[in-house]
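Grab a pencil and have a look at the fold below. Try each exercise yourself before reading its solution.

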Amino acid sequence: MIEIKTSLEINTITIQLIDTFTADDITSVENIWELEDINRTKKIIFNCKNVQMINSSGLGALVTLNKKATTNNIDLIFTNISISLKKLLNVTGLDIFFKIN
């Protein structure tokens, strides 16, 4: 299970992911999505500094969230991605799908 910490700034939600992200964790992220005033949100930042791994189900869940964000005109941005996660996104072709800082 992943630990998720959030902070809310003006029009931005930052979600700090810690440990391993899987499809089972997507419910926690979706709950945050629903609890925050998503109508005012313009940007959701996933801080991946402490993420050790994202499995294939987790990647699929992130693709689904990215589509939801795009539909709602929200920028979904991934920051502090490790070299191994960058390689994973590159190999899967998702590095061009996601906004990575």
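Here are three short exercises on this predicted model.

**Exercise 1.** Work out in which order the helices and strands run along the chain.

*Solution.* Start by counting: the protein chain has three helices and five strands. Now walk from the N terminus, and you get β-β-α-β-α-β-α-β.

**Exercise 2.** Find out which residues of the largest nonpolar core touch the most other members, and which element gives the most to this core.

*Solution.* The core has 25 residues, and F46, L62 and F78 are the ones touching the most other members. Next, sort by element: strand 2 (12-21), helix 1 (26-35), strand 3 (43-54), helix 2 (56-71), strand 4 (75-79) and helix 3 (83-92) each give two or more residues. Helix 2 comes out on top with six. Finally, zoom in on L62: leaving out residues up to four places away in sequence, L62 touches F21, F46, I54, L76, F78 and F98.

**Exercise 3.** Classify the aromatic pair F46 and F78, then do likewise for F97 and F98.

*Solution.* Take F46 and F78 to begin with: their centres are 5.2 Å apart, with 15 degrees between the planes, so under the 30 degrees cut-off the pair is stacked. F46 sits in strand 3 and F78 in strand 4, so this pair ties together parts 32 residues apart in sequence. Both are buried, F46 at 1% relative accessible area and F78 at 3%.

On to F97 and F98: 5.4 Å centre to centre and 65 degrees between the planes make this pair edge-to-face. Here F97 is partly exposed at 34%, whereas F98 is buried at 5%. Put the four together, and F46, F78, F97 and F98 form one aromatic cluster.

Definitions and conventions:
Residues are numbered from 1 along each chain as its sequence is written. This is a predicted model: local features need pLDDT of at least 70, side-chain atom pairs count only at pLDDT 80 or more; totals for chains, interfaces and linings use all residues. Side-chain values use heavy atoms; hydrogens and water are left out. A nonpolar core is a set of buried Ala, Val, Leu, Ile, Met, Phe, Trp, Tyr and Cys residues joined through side-chain atoms within 4.5 Å. Buried means under 20% relative accessible area, exposed over 50%, partly exposed in between (1.4 Å probe, protein chains only). Helices (H or I, at least four residues) and strands (E, at least two) are DSSP runs, numbered from the N terminus. Contact means heavy atoms within 4.5 Å. Rings of Phe, Tyr and Trp (its six-membered ring) pair if their centres lie within 6.5 Å; planes under 30 degrees apart count as stacked, over 60 as edge-to-face and the rest as tilted.
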